[in-house]
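Visitor: I would like a close look at a single part of this structure. Please keep the account plain.

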Number of protein chains: 2
Amino acid sequence: MKKIQVVVAEDQAMVLGALAALLETEPDIAVCARASNGREALTAISKLKPDVLVTDIEMPEMTGLTLAAEVRDRYPQTRVVILTTFARPGYLRRALDAGAKGYLLKDRPSAELADAVRRAHRGLRVVDPQLAAEAWETGPDPLTERERQILWRAGEGKSSGEISEELHLSEGTVRNYLSEAISKLGASNRVEAARLARSRGWL
Amino acid sequence: MKKIQVVVAEDQAMVLGALAALLETEPDIAVCARASNGREALTAISKLKPDVLVTDIEMPEMTGLTLAAEVRDRYPQTRVVILTTFARPGYLRRALDAGAKGYLLKDRPSAELADAVRRAHRGLRVVDPQLAAEAWETGPDPLTERERQILWRAGEGKSSGEISEELHLSEGTVRNYLSEAISKLGASNRVEAARLARSRGWL
DNA sequence: GCAACTCCATGACAAACGTCATGCTGCTTT
DNA sequence: AAAGCAGCATGACGTTTGTCATGGAGTTGC
């Protein structure tokens with residue numbers, strides 16, 4: 001019997017090690033490489049051609065979502081399972097667009113990880129039904145590229161003036177985009193708008 | 001030979017399971033209970049009187065910092081190791097004030113966890129030297145209680161008007177506290193101030 | 001007792017913010 | 001070709017935010 005070969009990518013070393021230990025307790029699964037960012041994972045995958053990649057989303061160098069898209073394009077035999085803290089509709093949508101087979105939350109019981117790996121390996125989808133429903137209700141990202149750029153910077157604490165310089169716009173224009181974003185999100189100011197957009201995975 | 005008895009507390013079930021699996025690979029360590037929040041951990045400790053508690057900070061019901069203080073007061077034979085994502089000076093300071101023996105970051109290699117448990121069990125301190133230095137440089141929390149209350153709400157996206165109603169203050173007063181906080185933190189507006197304070201563990 | 005100090009509280013004023021009306025692309029749809 | 005639409009861009013106008021000067025209440029040190 002051949003074990004399912006898995007690469008795990010996760011930027012918190014302690015969690016990476018722990019997840020690997022968890023998967024190693026399964027008799028039919030082998031962790032053949034560990035990566036602490038997207039680039040490392042891609043290198044490992046190119047060499048080892050594993051059956052499954054388990055990856056976090058928020059990582060330095062290359063996010064798990066970008067990584068998933070790369071893997072789909074270059075190594076389609078490797079199935080991707082996203083493993084993340086964030087129940088953000090926007091993340092789920094982008095993950096599925098990027099060809100991920102699974103989207104698993106870190107709040108789920110640890111027993112589900114091995115199951116998800118097995119199911120993904122067989123080509124099946126693994127998506128939390130509640131999250132999928134929420135993603136459906138929330139609808140797609142209503143922000144335009146400009147609005148996203150500007151709202152992100154506003155959420156960092158930058159003033160309209162600073163943002164306008166950075167993007168070579170007039171200050172009024174920046175305020176206008178923010179106003180649009182605030183209105184689209186049903187917020188009452190830039191801070192709330194940024195928080196909302198972040199919580200839905202749109203920033 | 002008797003194994004070191006450990007309770008692990010962590011709100012993300014997947015990570016909890018993974019950390020337990022990681023510790024179980026050590027021949028001299030046994031995970032005798034798992035808890036997904038501070039209250040559960042306290043119950044487990046009261047029954048099992050373990051040697052070491054490994055706990056996250058940000059958890060529902062009761063944070064790891066509060067938990068550490070309770071454990072110090074009621075079960076002093078149990079040593080506490082804080083295990084967290086956040087390299088926040090304010091958290092470290094509060095953890096040590098709460099009698100924690102160790103403060104370990106989730107970006108550290110997973111091999112360090114077992115070491116930290118062993119050292120804590122022997123009554124030794126385990127604190128990342130770099131983080132300790134940073135905590136020293138950053139100095140203590142400069143915010144007053146009022147400033148913290150108000151800055152926290154401002155960071156949530158609330159307007160000065162809303163905050164003033166909530167706390168029964170005049171709007172000008174709220175703006176003034178924010179101005180003070182902004183100045184103390186060297187920020188240039190409320191958003192940046194809130195971000196800074198959060199990143200240092202003062203909110 | 002009374003400085004000196006810290007925290008709490010306020011209003012006046014200038015600066016930044018949010019909204020609105022408006023116009024300019026480019027790209028479908030008819 | 002014309003109409004419709006989405007995104008981009010701007011300035012004017014009223015509102016919110018940030019700063020500053022000022023004062024009261026409680027504590028500490030002498």
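Is B:Cys32 buried, partly exposed or exposed? After that, please take me through the surface near DNA strand D.

Guide: This is a predicted model. B:Cys32 counts as partly exposed, because its relative accessible area is 28%, between the 20% limit for buried and the 50% limit for exposed. A:Cys32, at 27% relative accessibility, is also partly exposed. Across all chains, a search of the whole structure finds zero disulfides.

Now to the DNA. Strand D is surrounded by 15 residues, and the closest are A:Arg146, A:Thr173, A:Asn176, A:Tyr177 and B:Arg190. Of the atoms of DNA strand D that come within 4 Å of the protein, 55% belong to sugar and phosphate. By residue type, the surface near DNA strand D divides into ten polar, three charged and two nonpolar residues.

Several contacts involve phosphate oxygens of the strand. A:Thr173, one of the closest residues, places a polar side-chain atom 2.8 Å from a phosphate oxygen of DNA strand D. For A:Ser170 a polar backbone atom is involved, and it lies 2.8 Å from a phosphate oxygen of the strand. Chain B takes part through B:Ser160, where a polar backbone atom is 3.0 Å from a phosphate oxygen of DNA strand D. The elements that give two or more residues to this surface are helix H9 (171-185) of chain A and helix H9 (171-185) of chain B. H9(A) gives the most, with four residues.

Note on methods. Residues numbered from 1 in each chain as written. Chains lettered and ligands numbered in written order. Predicted model: local features only at pLDDT ≥ 70, side-chain atom pairs only at ≥ 80, totals over all residues. Heavy atoms only, no water. Near = heavy atom within 4 Å. Polar contact = N/O pair within 3.5 Å; in protein donor to acceptor, adjacent residues only side chain to side chain. Nonpolar A, V, L, I, M, F, W, Y, C, P; charged D, E, K, R; others polar. Disulfide = S-S within 2.5 Å. Buried < 20%, exposed > 50% of the residue type's maximum accessible area, 1.4 Å probe, protein only.
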